[in-house]
Amino acid sequence: MLKLALSLGVFTSSALVVTSLVGSPHGTQDSIRPSAANAADDTVEVRVAYPYGALFTDVHEQISEQFEQENPGIDIILEAPLANYEELAQRTLVGITQNNAPTLSFQGINQVRQFVDAGHTNDLSEFASSDPNWGEAGGYYPSMMELGEFNGRQHAIPFAVSTPIMYYNADLFRAAGLDPENPPTEWPDVIAAAQAIDALGDDTEGLWYNYLITGNWNYQALVYSEGGSMMTEDESAVAFSGDPGVRAAQLIRSFVDKAGMPDWSADQGEQSFVSGSVGIYFTSTSNLALLQNGAQFELRTALFPLSSTGDRRLPTGGNAGIIITDDPAEAEAAYQYAMFAAGPVGNNIMVNNTGYMPMHSEAVTEEFYAANPNYQTSIEQIPYIFRWYSFPGRNNLKIIDEIKDSLQSIVSGQETPEAAIENAASSAEDLL
């Protein structure tokens, strides 16, 4: 069932077939670095950058250790993790200008486009076309690997994919007279459940929605579920200021007005849920292992609620490896590590230590999901996913910050949802 669901393909094409043999690197002189090969023993060093140390440090340490055992001619050098995707993208862009960018950088899926558009990434199509393990025949899910394809060329190797999800405290559900076996599936019912939990006492909060999460990710989930988009189809104009984007912002404000959602930071929201004082929590499936390990209550997961239109559309969070080097040996070594990380060994380590979906059919067994039902929810959300939107041009990071600031002003009560979204859209237009 798991293999079937992932093999169906959820994007515009059902399989990846790359036939071109043009393997152009990133193409800008600023990004050229000397070869990392050691002349004495021909060992190739691959510097790897990644975000979210709490999620990925142990994962990459385990994967790199096994990879080096199987590939003694390649040394994986793990750089200190960056706090989030935005900081990783900024640090990598600076590294490119200073000729010290990492060889392999696991960028947020919504950050890859700016590196491709600027010509900084190696075109991996030649590797893909000559790799017998590529695509479904080698066990890699085409629908996942397509996330690294831009304009018909493979520029990234997806490593971990997540979706927004609903976590809930089954103990608080019971205390509030709610049925944890039947969690709410629509937003009005979510708010009603949060109100019941909030009424338990001053030390209990009904819900917290992580609207501050990287890349406006959870806001995008609401906008697209409402039938909207961040820009028009031809990307000639900003679109999230339309009715769906405004309804999404109004829903976030209703969490405050109707369910008493506090004006917290992302860390405060997570810590409060883990401590057992929040009934319903919306964030990424990627946090599942950490949340389960920290929670002292019965934690459960459920599908992201249906929108007012009865739809559910979810951006694919997570990250993909881009390669930044002009040295062929280094590029090949980085490609090998990225494919190993996305393969059955690497992805088994990744899934078991996080909550991301697998890239490979042999990474996780159906028995694992049967024994871990909280992980099964992310698999059930696969039919609703789309590629996490990235704004064109060089100001993607700035636009993300403008939208995040506007959302925060809505929650804090400094601006109405309508005014805040209009201001964010106007700023985005200027930056575009």
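Helix α2 passes helix α13 in a right-handed crossing, in what is, keep in mind, a predicted model. The two helices, α2 at residues 53-70 and α13 at residues 328-342, pack at an angle of about 120°, and their axes are 10 Å apart. Angles from 65 to 115 degrees would count as roughly perpendicular and those over 145 as roughly antiparallel, so α2 ends up oblique to α13. If you want to see who touches whom, look at His60, Ile63, Ser64, Gln66, Phe67 and Glu70 on the α2 side, which meet Ala333, Gln336, Tyr337, Phe340 and Ala341 on the α13 side. Sorted by class, that contact has six nonpolar, four polar and one charged residues.

Now move over to the sheet. It's an open one with four strands in the order β8-β9-β7-β10, and the pairing is mixed. Strands β8 (205-209) and β10 (299-302) sit at the edges with a single partner strand each, so one side of each has no neighbour in the sheet. From one strand to the next, the twist averages 20°.

Take the pairings of β7 next. Strand β7 (residues 164-169) runs antiparallel to β9 (residues 278-284), and five bridges join them. Here you'll find Pro164 opposite Ser284 in β9. β7 also pairs with β10, again in the antiparallel sense, over four bridges, and Met166 stands opposite Ala302 in β10.

So what about the faces of β10: are they covered or open? Both are covered, with Leu299 and Thr301 buried on one side and Arg300 and Ala302 buried on the other. In a regular strand, side chains alternate between the two faces of the sheet.

Two helices meet this sheet. Helix α11 (residues 266-274) lies across β7, β8, β9 and β10, running at about 130° to β9. The other is helix α9 (residues 217-225), which packs on the sheet and touches β7, β8 and β9, with its direction at about 90° to that of β9.

Follow α9 a bit further and you get to helix α10 (residues 243-257): the axes of α9 and α10 come within 8 Å and cross at roughly 125°. That makes α9 oblique to α10, and the crossing is right-handed. From α9, Tyr219, Leu222 and Val223 meet a set of α10 residues made up of Pro244, Gly245, Ala248, Ala249, Leu251 and Ile252. By class, this contact divides into eight nonpolar, one polar and no charged residues.

Definitions and conventions:
Residues are numbered from 1 along each chain as its sequence is written. This is a predicted model: local features need pLDDT of at least 70, side-chain atom pairs count only at pLDDT 80 or more; totals for chains, interfaces and linings use all residues. Side-chain values use heavy atoms; hydrogens and water are left out. Axes are lines fitted to C-alpha atoms, for helices over the stretch in contact, and angles run from 0 to 180 degrees between N-to-C directions. Angles under 35 degrees count as roughly parallel, over 145 as roughly antiparallel, 65 to 115 as roughly perpendicular and the rest as oblique. A crossing is left-handed if the near helix is turned anticlockwise from the far one by less than a right angle, and right-handed if clockwise. Contact means heavy atoms within 4.5 Å. Ala, Val, Leu, Ile, Met, Phe, Trp, Tyr, Cys and Pro count as nonpolar, Asp, Glu, Lys and Arg as charged, and the others, Gly among them, as polar. Two strands pair if DSSP finds at least two bridges between them. Buried means under 20% relative accessible area, exposed over 50%, partly exposed in between (1.4 Å probe, protein chains only).
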